[in-house]
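Colleague: Please walk me through one part of this model slowly, explaining each term as it comes up. I would like to follow how one piece of chain leads into the next.

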Amino acid sequence: MRGREIYNRITVTTGILTYYYLLKSSGKGLKAEQARTCPSCKGEWLLQEPLHGLFNFQCDSCRLLSNIAWSVRSIG
């Protein structure tokens, strides 16, 4: 995966732990979104509170971030 190569290179070059953001634009409802697991390791990654008011999901082992689908957020 090219994205992982890039964030790993950034981490090695700067010494700053870097994550890869996976944009989620559409979903099938809030409950389905909250039940999502990390797409890489299939682990739990739903956060109690959104990180920076934007990221609802964070997997520290895979270094991935994502959000509740925008289509679901706009509904309520």
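Modeller: Let us begin with R63, which takes a positive phi near 55° in the hairpin of strands β3 and β4, where four residues lie between the two strands. A strand here is a DSSP run of E with at least two residues, a helix is a run of H or I with at least four residues, and both are numbered from the N terminus. Before going further, please keep in mind that this is a predicted model, in which local features need pLDDT of at least 70 and side-chain atom pairs count only at pLDDT 80 or more, while totals for chains, interfaces and linings use all residues. Residues are numbered from 1 along each chain as its sequence is written, and side-chain values use heavy atoms, with hydrogens and water left out.

The strands on either side of this hairpin are β3 and β4 (residues 64-66), which pair in the antiparallel sense over three bridges; two strands are said to pair if DSSP finds at least two bridges between them. One of the partnerships joins C59 to L64, a residue of β4.

Turning to the other neighbour of β3, we find strand β2 (residues 46-51), which runs antiparallel to β3 and is joined to it by two bridges. Here L51 has F55 of β3 as its bridge partner. The hairpin of β2 and β3 has three residues between the strands, and in this hairpin H52 takes a positive phi near 60°.

How many of the five residues of β3 are buried? The strand covers residues 55-59, and four of its five residues are buried, which leaves β3 mostly covered. Buried means under 20% relative accessible area, exposed means over 50%, and partly exposed lies in between, using a 1.4 Å probe and protein chains only.

For a contrast in surroundings, follow the chain back to A35, which sits in the loop between helix α2 (30-34) and β2. A35 counts as exposed because its relative accessibility is 58%. Along the chain A35 and L46 are eleven residues apart, and their C-alpha atoms are separated by 8.0 Å.

Taken as a whole, then, β3 is bridged to β2 and also to β4, with a positive phi at H52 in one hairpin and at R63 in the other.
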